[in-house]
Amino acid sequence: MANILSIDFDYFIDISAEDRERLFPDGSDEIPHDELKLMWDESYEKYPEIKEIGVIQEYYYLRELLKSLNIKQEHILIADTHKDIKKIIDLVPEGEQINIVNIDFHHDYYHYFTGGDTYNCGNWLRRLVEDRPNTKVKWIRRDDSQISSLEGEFPFEHITNIKSLESDKFDYIFICKSPEWTPPHMDQKFIELVMTIKN
């Protein structure tokens, strides 16, 4: 069995779902960086309170936990977008069961009807389960994360207690920034998290 820890930095942003909707630009992982920067600049100008946003306490808990893990460097991937987790998934031989723990504000089990069978930031978990039906999933979410999908409630284990990680073991780690959901002034916090596991 291959145990993958998947971390989306948007989980750690200290803001409610309602305020994310109100203050953040309406972005996606396909928006060019220059265009996304302009969108964030407009949001900061319109809502100056964005620059006061920090991280939740769980950030510091995870940072310490990551320091204690002993993962091969070639089994660690840092990316902008969650769709790049496919590169980690492809390291696991076909037929080997995947056990994935996803720390994320979003469940990423959405239906995206464009782009055929490609992975993207919103559907990668659905695509993984379609490709490898014996995958075991645990989603660590926020209290106000949306738990519904087209079929109803998210169909796998989902909890809000990040400390449940203490009983898990991991062979691979994936961390993404999700710049469409992460205010640019928080880049340093993302780098600090990454530096705990990258030599």
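Asparagine 3 of strand β1 stands opposite asparagine 99 in β3, strands being DSSP runs of E with at least two residues, numbered from the N terminus. β1 and β3 (residues 98–103) are paired in the parallel sense through 6 bridges, where pairing asks that DSSP find at least two bridges between two strands. All of this comes from a predicted model, in which local features need pLDDT of at least 70 and side-chain atom pairs count only at pLDDT 80 or more, while totals for chains, interfaces and linings use all residues. Residues are numbered from 1 along each chain as its sequence is written, and side-chain values use heavy atoms, with hydrogens and water left out.

β1 has a second partner to look at: strand β8 (residues 172–176), again in the parallel sense, with 5 bridges. Here isoleucine 4 is the residue opposite tyrosine 172.

How much of β1 is covered? Of the 7 residues in the strand (residues 2–8), 7 are buried, that is, under 20% relative accessible area with a 1.4 Å probe and protein chains only. In a regular strand, side chains alternate between the two faces of the sheet. Both faces of β1 are covered, with Ala2, Ile4, Ser6 and Asp8 buried on one side and Asn3, Leu5 and Ile7 buried on the other.

The cysteines round off the picture. A disulfide is taken as a pair of cysteine sulfur atoms within 2.5 Å, and the count by this rule is 0. The closest cysteine sulfur to that of cysteine 121 belongs to cysteine 176 and lies 8.6 Å away, too far for a bond. Cysteine 121 is buried at 15% relative accessible area, and cysteine 176 is buried at 0%.

Key: Buried < 20%, exposed > 50% of the residue type's maximum accessible area, 1.4 Å probe, protein only. Helix = DSSP H or I, 4+ residues; strand = E, 2+ residues; numbered from the N terminus.
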